[in-house]
Structure formats: structure tokens, C-alpha cells
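Me: Could you walk me through this structure with a few questions and answers? I am new to it, so please take it step by step.

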Amino acid sequence: MTKRLLFFAYGITSYVIFLATFLYAVAFVAGVAVPTRLDGAPQTSLPTALAVDGGLLALFAIQHSVMARRWFKERWTRIIPWTIERSTYVLLASLALLFLFWQWRPMGIPIWSVQNEAARIVLWTLSAFGWLTVLMMTFLIDHFDLFGLRQVWLPLTGKAYTPVSFRDPLPYRIVRHPLYFGFILAFWMTPTMTLAHLVFAVGTTAYIVLAIQFEERDLVFEYGATYQEYRRKVPMLLPVGRLRQTVTQATRLAD
């Protein structure tokens with residue numbers, strides 16, 4: 001019982017650190033209320049800033065992607081109990097992000113700056129909607145399993161863990177990865193885009209597209225033909241195919 005309580009405390013601690021990291025990320029990207037920010041005056045030479053920021057993004061991408069792979073989990077759970085595997089992943093991902101926030105090097109150099117007040121409000125609203133989308137999507141697919149709380153809670157209550165079954169709530173019928181789409185909105189919808197912000201947005205977007213390829217291999221392995229059929233029908237990030245299908249159907253009905 002003591003071990004299960006310790007695992008539960010560990011899972012709760014990891015989750016609280018994640019929540020703090022998520023809130024800091026929102027403020028970091030927006031440039032408000034936190035000591036370190038995505039944008040700002042340059043603190044070092046441009047080549048140094050590019051190298052440091054690129055390295056920070058690569059560090060997070062490697063940790064976040066490698067530790068999520070099935071082959072890594074199989075080896076990792078020989079070292080740590082499976083009960084806290086997900087909580088450990090969440091904790092290390094949060095620490096990697098906090099390290100990025102701490103060491104990030106702003107570069108100055110504006111790329112664009114929207115001055116129209118109405119347009120600025122629209123962009124900030126879209127960015128906020130992106131962050132809200134990220135959070136909402138986690139609850140639609142099982143927030144507590146995604147962040148390791150279910151894995152530490154069930155053993156504490158004497159219940160066996162069962163994997164989350166495949167499901168596709170409404171946003172997931174429009175695109176396969178609405179959570180990632182929310183991140184893209186949050187990072188790109190800004191009235192002031194500096195070079196550092198652009199590096200961050202391009203780097204994270206490229207990582208998202210690449211990570212999806214690895215993630216979907218695992219999903220096909222786990223859910224088989226069900227996920228293959230889902231992938232065939234639903235576009236990845238942008239509902240382009242779905243919109244084209246809707247227009248085609250409307251045209252046929254009009255004829």
C-alpha cells in the first residue's frame with residue numbers, strides 16, 4: 001500500500017508540474033506576466049541565439065518523441081514500474097519545456113507587426129482559442145490517462161488498468177489531430193512576429209508534422225484496421241479534404 005501511495009503522490013506531483021508548465025507556456029508565448037519570454041530584445045549574437053534556441057527545440061523534440069515510442073516504453077518499464085511510466089514522461093517533458101523557457105534567447109528582428117487594433121484582437125483571440133482547443137481535446141480523449149493520473153489512481157483503488165479504447169469525438173471527425181492544430185494556432189496567431197518567435201513556430205510545427213508520423217505508426221499497431229480506416233477518411237491537421245467533399249456533395253445536390 002505504501003508503494004501505491006508513493007506512486008500516486010508522484011503522479012499528482014508530475015501533473016501539478018505539468019499544469020504550471022502549461023500556464024507558463026501560455027504566458028511565455030504571449031509575452032506577459034513571466035520573467036522569460038519568447039520575444040524580446042537580443043541578449044547575444046544572432047548565430048549564438050539560433051544555435052541555442054535550435055538546440056533547445058531539438059532537446060524537447062527528442063525527449064517528447066522518443067519516450068513516447070512503443071519500443072522505448074518496453075525497455076523503459078524494465079527499469080521503472082509501468083504505473084509511473086506515463087507520469088515520468090509527463091514530468092520529463094515538463095522539465096524539458098521549463099529548461100527551454102529558462103534558456104531561450106530572444107533575437108529581436110521583427111518579421112511582422114500588425115498595428116490595426118481589430119486585427120490584433122482577432123489574432124490574440126485565435127491564439128487563445130488554440131490554447132483552449134489543446135486543453136479541451138485532452139479531455140475528449142481522456143485527460144487523466146494522457147497525463148498519467150489514471151495509471152496511478154487505479155492501482156491505489158485496487159482496480160486493474162485497462163487501455164483507453166479508440167474513439168473519435170466530433171473534433172476528431174474533422175481532423176485526426178485537433179490537439180496539434182490547437183498548438184499551431186497558438187504559436188502562429190500573433191500580431192507581433194519576431195525572428196525568435198518564427199524559429200519557435202516553424203520548429204514546433206515541423207516537429208508536430210514529423211511526430212504525427214511516428215505516433216500514427218503506434219496507433220496503427222494498437223488499433224489495426226480501425227485506425228487505418230479512420231486515417232483514410234479523416235484529414236491529418238487541416239480539414240481540406242473534408243471541405244472538398246462537402247462542397248462536392250452540395251454541388252451534386254444542387255444539380
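Me: Which residues make the nonpolar surface patch of about 400 Å²?
Reply: Happy to help, and keep in mind that this is a predicted model. Two elements each give two or more residues to the patch, namely helix H2 (46-66) and strand E1 (110-113). The residues that make the patch are Leu46, Leu50, Ile109, Ile111 and Trp112.

Me: Is Ile111 buried, partly exposed or exposed?
Reply: Ile111 is found in strand E1. Buried would mean under 20% relative accessible area and exposed over 50%. Ile111 has a relative accessible area of 41%, so the word for Ile111 is partly exposed.

Me: How many aromatic pairs are there, and how do the rings of Phe22 and Trp131 meet?
Reply: The count of aromatic pairs is 25. Phe22 and Trp131 form a pair with 5.5 Å centre to centre and 90 degrees between the planes. Planes over 60 degrees apart count as edge-to-face, so the pair of Phe22 and Trp131 is edge-to-face.

Me: How many residues apart in sequence are the parts that Phe22 and Trp131 tie together?
Reply: Phe22 counts as buried at 14% relative accessibility, and Trp131 counts as buried at 8%. Phe22 belongs to helix H1 (residues 2-30) and Trp131 to helix H5 (residues 117-141), so their pair ties together parts whose separation in sequence is 109 residues.

Me: What about Phe60 and Tyr207: in which helices do they lie?
Reply: Their ring centres are 6.3 Å apart with the planes at 70 degrees, so this pair is edge-to-face. Phe60 is buried, with a relative accessible area of 16%, and Tyr207 counts as buried at 16% relative accessibility. The pair ties together parts that are 147 residues apart in sequence, with Phe60 in helix H2 and Tyr207 in helix H10 (residues 195-223).

Me: Over which ring does the charged end of Arg70 sit?
Reply: A charge counts as sitting over a ring if CZ of Arg is within 6 Å of the ring centre and within 35 degrees of the ring normal. The charged end of Arg70 is 3.6 Å from the centre of the ring in question, which belongs to Phe221.

Me: Which element gives the largest share of the largest nonpolar core?
Reply: This core has 42 residues, and those with the most contacts inside it include Phe28, Trp104 and Phe200. Among the elements that give two or more residues to the core are H1, helix H4 (85-103) and helix H9 (178-188). The largest share is 9 residues, and it comes from H10.

Key. Residues numbered from 1 in each chain as written. Predicted model: local features only at pLDDT ≥ 70, side-chain atom pairs only at ≥ 80, totals over all residues. Heavy atoms only, no water. Patch = residues over 30% accessible without salt bridge, like charges linked within 9 Å, V, L, I, M, F, W, Y side chains within 5 Å. Areas by Shrake-Rupley, 256 points an atom, 1.4 Å probe, with all protein chains shown as cover. Salt bridge = Lys/Arg side-chain N within 4 Å of Asp/Glu carboxyl O. Helix = DSSP H or I, 4+ residues; strand = E, 2+ residues; numbered from the N terminus. Buried < 20%, exposed > 50% of the residue type's maximum accessible area, 1.4 Å probe, protein only. Phe/Tyr/Trp six-rings, centres within 6.5 Å; stacked < 30°, edge-to-face > 60°. Core = buried A, V, L, I, M, F, W, Y, C linked by side-chain atoms within 4.5 Å.
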